[in-house]
Amino acid sequence: MTDQFNPLSLIVDQDASESFDIKSGGGQSLEPLPAGVTLQARLCGYVELGVHEDTNPQGQVRDKEEVRLFFQVWGKQLQKDAEGNQIPRSVMLYINKSASDKGHWLKVFNTLNHDGKRNNMASLLGAPCRVKLVAGASKDPSKPAQARLRPEGITGPVVEVMDEDGNVTGSRVINPPMVDASEVKVFQFHKGTREQWDTLPYFLQEAIKEAKNLDQSPAKDFPMKEAPKSRQKAAEGDQEEAQGEAPKAAPKAPQKPATPAVEDDLFGDDDL
(Lines give C-alpha, C1' and ligand atoms only; values in the text may rest on other atoms or scores of the structure.)
Protein backbone atom coordinates (compact mmCIF):
# COMPACT_ATOMS: atom_id res chain seq x y z
CA MET A 1 0.00 0.00 0.00
CA THR A 2 1.36 3.43 -0.95
CA ASP A 3 2.00 5.75 1.99
CA GLN A 4 0.18 9.07 1.66
CA PHE A 5 1.70 12.37 2.69
CA ASN A 6 0.47 15.96 2.66
CA PRO A 7 3.20 18.39 1.46
CA LEU A 8 1.38 21.26 3.19
CA SER A 9 2.17 19.60 6.50
CA LEU A 10 5.77 20.80 6.01
CA ILE A 11 4.68 24.45 5.89
CA VAL A 12 4.96 26.37 9.16
CA ASP A 13 1.85 28.45 9.97
CA GLN A 14 0.20 27.46 6.68
CA ASP A 15 -3.38 28.63 6.44
CA ALA A 16 -4.62 26.35 3.66
CA SER A 17 -7.30 23.81 4.55
CA GLU A 18 -6.99 21.77 1.35
CA SER A 19 -4.66 18.76 1.41
CA PHE A 20 -2.82 17.13 -1.48
CA ASP A 21 -1.69 13.51 -1.55
CA ILE A 22 1.67 12.43 -2.86
CA LYS A 23 3.03 9.00 -3.60
CA SER A 24 6.54 7.68 -3.19
CA GLY A 25 8.74 6.87 -6.17
CA GLY A 26 12.23 5.73 -7.11
CA GLY A 27 15.22 7.02 -9.06
CA GLN A 28 15.48 6.45 -12.82
CA SER A 29 17.86 7.17 -15.68
CA LEU A 30 16.24 10.27 -17.14
CA GLU A 31 15.94 11.67 -20.64
CA PRO A 32 15.74 15.46 -21.22
CA LEU A 33 12.25 16.91 -20.92
CA PRO A 34 10.77 17.90 -24.31
CA ALA A 35 10.58 21.58 -25.28
CA GLY A 36 7.64 23.23 -27.00
CA VAL A 37 4.96 21.13 -25.33
CA THR A 38 2.33 22.07 -22.74
CA LEU A 39 2.09 19.69 -19.80
CA GLN A 40 -0.23 19.29 -16.87
CA ALA A 41 1.52 20.12 -13.60
CA ARG A 42 1.26 20.65 -9.86
CA LEU A 43 3.37 22.91 -7.67
CA CYS A 44 5.54 20.43 -5.77
CA GLY A 45 8.30 22.64 -4.41
CA TYR A 46 8.64 26.02 -2.71
CA VAL A 47 12.15 26.94 -1.55
CA GLU A 48 13.15 30.35 -0.15
CA LEU A 49 16.91 30.93 -0.63
CA GLY A 50 17.17 34.20 1.33
CA VAL A 51 18.78 37.43 0.10
CA HIS A 52 21.41 37.23 -2.65
CA GLU A 53 23.28 39.88 -4.61
CA ASP A 54 22.71 40.01 -8.37
CA THR A 55 24.16 42.08 -11.18
CA ASN A 56 22.02 42.80 -14.24
CA PRO A 57 23.34 43.36 -17.80
CA GLN A 58 23.52 47.11 -17.11
CA GLY A 59 25.98 46.49 -14.28
CA GLN A 60 23.51 47.37 -11.51
CA VAL A 61 24.00 45.44 -8.28
CA ARG A 62 20.94 44.77 -6.14
CA ASP A 63 19.78 42.48 -3.36
CA LYS A 64 17.10 39.99 -4.36
CA GLU A 65 15.03 37.65 -2.19
CA GLU A 66 15.35 34.50 -4.27
CA VAL A 67 12.87 31.62 -4.47
CA ARG A 68 12.83 28.41 -6.47
CA LEU A 69 9.49 26.89 -7.46
CA PHE A 70 9.23 23.30 -8.66
CA PHE A 71 6.45 21.82 -10.76
CA GLN A 72 5.90 18.11 -11.26
CA VAL A 73 4.74 17.53 -14.82
CA TRP A 74 2.63 14.94 -16.65
CA GLY A 75 2.10 14.31 -20.35
CA LYS A 76 1.97 11.60 -23.01
CA GLN A 77 5.33 12.81 -24.36
CA LEU A 78 7.21 12.08 -21.12
CA GLN A 79 9.45 9.12 -20.38
CA LYS A 80 7.95 5.94 -18.92
CA ASP A 81 9.48 3.10 -16.92
CA ALA A 82 9.59 -0.57 -17.90
CA GLU A 83 6.06 -1.07 -16.59
CA GLY A 84 4.63 1.77 -18.66
CA ASN A 85 4.24 4.23 -15.78
CA GLN A 86 5.42 7.81 -16.21
CA ILE A 87 8.66 8.52 -14.39
CA PRO A 88 8.27 11.36 -11.84
CA ARG A 89 9.73 14.57 -13.31
CA SER A 90 9.76 18.18 -12.19
CA VAL A 91 10.98 21.50 -13.60
CA MET A 92 12.43 24.42 -11.65
CA LEU A 93 11.49 28.08 -11.98
CA TYR A 94 13.89 30.86 -10.95
CA ILE A 95 11.88 33.70 -9.41
CA ASN A 96 12.29 36.50 -6.87
CA LYS A 97 9.82 37.82 -4.34
CA SER A 98 8.42 41.14 -5.46
CA ALA A 99 5.45 43.36 -4.58
CA SER A 100 5.54 45.00 -8.00
CA ASP A 101 2.66 44.28 -10.35
CA LYS A 102 5.24 44.44 -13.17
CA GLY A 103 7.22 41.52 -11.75
CA HIS A 104 6.61 37.81 -12.19
CA TRP A 105 5.91 36.96 -8.54
CA LEU A 106 2.34 38.27 -8.29
CA LYS A 107 1.48 37.07 -11.79
CA VAL A 108 2.55 33.50 -11.03
CA PHE A 109 0.78 33.61 -7.66
CA ASN A 110 -2.49 34.80 -9.20
CA THR A 111 -2.27 32.15 -11.91
CA LEU A 112 -1.83 29.34 -9.39
CA ASN A 113 -4.39 30.85 -7.00
CA HIS A 114 -7.13 30.61 -9.64
CA ASP A 115 -9.92 30.17 -7.09
CA GLY A 116 -8.69 33.00 -4.83
CA LYS A 117 -8.62 30.84 -1.71
CA ARG A 118 -4.94 31.30 -0.75
CA ASN A 119 -2.94 34.30 0.41
CA ASN A 120 0.69 33.15 0.07
CA MET A 121 2.75 31.12 -2.38
CA ALA A 122 3.74 28.40 0.09
CA SER A 123 0.11 27.49 0.74
CA LEU A 124 -0.31 26.74 -2.98
CA LEU A 125 1.75 23.53 -2.76
CA GLY A 126 -0.10 20.91 -4.76
CA ALA A 127 -2.02 23.49 -6.84
CA PRO A 128 -2.70 22.33 -10.43
CA CYS A 129 -1.66 24.31 -13.51
CA ARG A 130 -0.30 23.90 -17.02
CA VAL A 131 3.30 24.62 -18.04
CA LYS A 132 4.89 25.11 -21.44
CA LEU A 133 8.59 24.32 -21.61
CA VAL A 134 11.04 26.11 -23.90
CA ALA A 135 14.37 24.99 -25.29
CA GLY A 136 17.32 25.59 -23.01
CA ALA A 137 21.06 25.76 -23.63
CA SER A 138 23.61 23.22 -22.45
CA LYS A 139 26.82 24.47 -20.82
CA ASP A 140 28.42 21.13 -21.68
CA PRO A 141 28.43 20.48 -25.47
CA SER A 142 28.62 16.73 -24.79
CA LYS A 143 25.30 16.76 -22.93
CA PRO A 144 21.82 17.43 -24.33
CA ALA A 145 20.17 20.74 -23.45
CA GLN A 146 17.43 20.60 -20.84
CA ALA A 147 14.08 22.21 -21.53
CA ARG A 148 13.32 25.04 -19.12
CA LEU A 149 10.37 26.86 -17.66
CA ARG A 150 9.85 30.61 -17.72
CA PRO A 151 7.17 32.51 -15.72
CA GLU A 152 5.09 33.28 -18.80
CA GLY A 153 4.96 29.55 -19.54
CA ILE A 154 2.68 28.93 -16.54
CA THR A 155 -1.06 29.04 -17.20
CA GLY A 156 -4.05 28.30 -15.02
CA PRO A 157 -5.76 24.93 -14.61
CA VAL A 158 -9.11 25.96 -16.13
CA VAL A 159 -9.58 24.67 -19.68
CA GLU A 160 -12.46 24.94 -22.13
CA VAL A 161 -14.74 22.00 -22.84
CA MET A 162 -15.83 21.62 -26.49
CA ASP A 163 -18.34 19.46 -28.30
CA GLU A 164 -17.67 17.38 -31.41
CA ASP A 165 -18.18 20.46 -33.62
CA GLY A 166 -15.57 22.52 -31.75
CA ASN A 167 -18.09 24.69 -29.92
CA VAL A 168 -17.25 25.71 -26.36
CA THR A 169 -19.79 24.18 -24.01
CA GLY A 170 -18.22 25.00 -20.67
CA SER A 171 -15.00 24.70 -18.68
CA ARG A 172 -13.30 22.37 -16.23
CA VAL A 173 -10.33 22.36 -13.86
CA ILE A 174 -7.63 19.85 -14.78
CA ASN A 175 -6.84 17.21 -12.20
CA PRO A 176 -3.28 15.89 -12.63
CA PRO A 177 -2.19 12.78 -10.68
CA MET A 178 -0.84 12.85 -7.15
CA VAL A 179 2.53 14.52 -6.59
CA ASP A 180 5.40 12.11 -6.01
CA ALA A 181 7.24 12.32 -2.68
CA SER A 182 10.62 12.33 -4.44
CA GLU A 183 9.75 15.64 -6.15
CA VAL A 184 8.71 17.60 -3.03
CA LYS A 185 11.15 20.34 -1.93
CA VAL A 186 10.19 22.87 0.75
CA PHE A 187 11.99 25.48 2.83
CA GLN A 188 10.77 28.68 4.50
CA PHE A 189 13.88 30.78 5.04
CA HIS A 190 12.91 32.53 8.29
CA LYS A 191 11.11 29.65 10.00
CA GLY A 192 12.21 26.52 8.20
CA THR A 193 12.32 23.22 10.06
CA ARG A 194 14.81 20.38 9.92
CA GLU A 195 12.13 18.30 8.21
CA GLN A 196 11.90 20.93 5.46
CA TRP A 197 15.70 21.15 5.21
CA ASP A 198 15.99 17.41 4.63
CA THR A 199 13.76 17.63 1.52
CA LEU A 200 16.41 19.76 -0.25
CA PRO A 201 19.20 18.48 -2.49
CA TYR A 202 22.73 19.71 -1.91
CA PHE A 203 22.67 22.58 -4.43
CA LEU A 204 19.66 24.22 -2.74
CA GLN A 205 21.14 23.82 0.75
CA GLU A 206 24.37 25.36 -0.55
CA ALA A 207 22.50 28.36 -2.02
CA ILE A 208 20.70 28.96 1.28
CA LYS A 209 23.96 28.77 3.22
CA GLU A 210 25.35 31.49 0.90
CA ALA A 211 22.51 33.94 1.65
CA LYS A 212 23.54 37.38 2.91
CA ASN A 213 21.01 37.11 5.74
CA LEU A 214 21.73 33.52 6.76
CA ASP A 215 21.98 34.60 10.42
CA GLN A 216 18.20 35.24 10.31
CA SER A 217 17.40 31.65 9.30
CA PRO A 218 17.33 28.38 11.27
CA ALA A 219 19.33 26.99 8.33
CA LYS A 220 22.48 28.44 9.88
CA ASP A 221 22.44 25.55 12.38
CA PHE A 222 21.44 22.75 10.00
CA PRO A 223 24.14 20.40 8.62
CA MET A 224 24.46 20.11 4.84
CA LYS A 225 24.12 16.90 2.90
CA GLU A 226 27.21 15.29 1.42
CA ALA A 227 28.41 17.13 -1.67
CA PRO A 228 28.01 15.39 -5.04
CA LYS A 229 31.10 13.56 -6.27
CA SER A 230 31.76 16.22 -8.91
CA ARG A 231 31.96 18.87 -6.17
CA GLN A 232 34.20 16.67 -4.04
CA LYS A 233 36.64 16.16 -6.92
CA ALA A 234 36.75 19.90 -7.57
CA ALA A 235 37.48 20.55 -3.89
CA GLU A 236 40.26 17.96 -3.92
CA GLY A 237 41.77 19.66 -6.95
CA ASP A 238 41.69 23.03 -5.19
CA GLN A 239 43.41 21.51 -2.17
CA GLU A 240 46.16 19.94 -4.28
CA GLU A 241 46.77 23.25 -6.03
CA ALA A 242 46.99 25.08 -2.69
CA GLN A 243 49.64 22.55 -1.58
CA GLY A 244 51.66 23.13 -4.73
CA GLU A 245 50.53 19.91 -6.38
CA ALA A 246 48.55 21.16 -9.35
CA PRO A 247 45.91 18.75 -10.65
CA LYS A 248 46.25 17.40 -14.17
CA ALA A 249 44.91 19.85 -16.71
CA ALA A 250 41.94 18.72 -18.76
CA PRO A 251 42.18 19.14 -22.53
CA LYS A 252 40.87 22.50 -23.66
CA ALA A 253 37.56 22.52 -25.52
CA PRO A 254 37.17 24.79 -28.56
CA GLN A 255 35.99 28.23 -27.53
CA LYS A 256 32.48 29.24 -28.50
CA PRO A 257 31.01 32.72 -28.72
CA ALA A 258 29.48 33.79 -25.43
CA THR A 259 25.70 33.46 -25.18
CA PRO A 260 24.11 36.85 -24.41
CA ALA A 261 22.73 37.00 -20.86
CA VAL A 262 18.98 37.12 -20.45
CA GLU A 263 17.95 39.58 -17.77
CA ASP A 264 15.47 37.15 -16.24
CA ASP A 265 18.27 34.64 -15.74
CA LEU A 266 20.12 37.17 -13.63
CA PHE A 267 17.39 38.96 -11.76
CA GLY A 268 14.22 36.89 -12.16
CA ASP A 269 11.74 39.65 -11.34
CA ASP A 270 12.81 43.14 -12.35
CA ASP A 271 11.13 45.80 -10.22
CA LEU A 272 12.39 48.73 -12.22
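Helices and strands are taken here as DSSP runs, at least four residues long for a helix and at least two for a strand, and are numbered from the N terminus. With that in hand, the architecture of this predicted model can be followed element by element. The protein contains five helices and 10 strands. Of its 272 residues, 39% are buried. Among contacts with a separation of 6 or more, 64% join residues that lie 24 or more positions apart. The surface that the protein exposes comes to about 15,900 Å², and carbon and sulfur atoms supply 49% of that area.

A good place to begin the tour is the interior. In soluble globular proteins, nonpolar side chains tend to be buried together. In this model, the largest nonpolar core brings together 50 residues, and the ones with the most contacts inside it are L69, F71, L112, M121, V131, I154 and I208. Two or more residues each come from the strands β2 (38–55), β3 (61–74), β4 (90–96), β5 (128–132) and β10 (185–187), and likewise from the helices α1 (104–112) and α3 (202–209). The largest share belongs to β2, with seven residues.

Helix α3 deserves a second look, as six of its eight residues are buried, leaving the helix mostly covered. Those buried residues are Y202, L204, Q205, E206, A207 and I208. The last of these, I208, is also among the residues with the most contacts inside the largest core.

Strand β2 appears again at the one cavity of 30 Å³ or more that a search of the whole structure finds. The volume of the largest cavity is about 30 Å³. Around it lie E48, G50, V51, E65, F189, H190 and N213, and β2 gives the most to this lining, with three residues. By character, the lining divides into two nonpolar, three polar and two charged residues.

Three individual residues show how parts of the chain that are separated in sequence come together in space. The first, L133, sits in the loop between β5 and β6 (154–155). L133 counts as buried because its relative accessibility is 0%, against a cut-off of under 20%. Beyond its neighbours within four places in sequence, L133 is in contact with L33, P34, A35, G36, V37, L39, V91, A147, R148 and L149. Its C-alpha atom is separated by 6.7 Å from that of G153, with the two positions 20 residues apart along the chain.

Next comes I11, in the segment before β1 (22–23). This residue has a relative accessible area of 7% and is therefore buried. Apart from neighbours within four places in sequence, the contacts of I11 are A122, L125, V186, Q188 and Q196. One of these partners, L125, is 114 residues away along the chain, yet the two C-alpha atoms are separated by 9.2 Å.

The last example is E195, found in helix α2 (residues 194–197). Its relative accessibility is 46%, so E195 counts as partly exposed, in contrast to the buried I11 and L133. In sequence, E195 and L10 are 185 residues apart, while in space their C-alpha atoms are 7.2 Å apart.

How values were computed
Residues numbered from 1 in each chain as written. Predicted model: local features only at pLDDT ≥ 70, side-chain atom pairs only at ≥ 80, totals over all residues. Heavy atoms only, no water. Core = buried A, V, L, I, M, F, W, Y, C linked by side-chain atoms within 4.5 Å. Buried < 20%, exposed > 50% of the residue type's maximum accessible area, 1.4 Å probe, protein only. Contact = heavy atoms within 4.5 Å. Areas by Shrake-Rupley, 256 points an atom, 1.4 Å probe, with all protein chains shown as cover. 1 Å grid on protein atoms, 1.4 Å probe; cavity = no way out; pocket = protein on both sides within 12 Å on 5 of 7 lines; lining within 4 Å. Points joined across faces, edges and corners; volume = space filled by probe spheres on them. Nonpolar A, V, L, I, M, F, W, Y, C, P; charged D, E, K, R; others polar.
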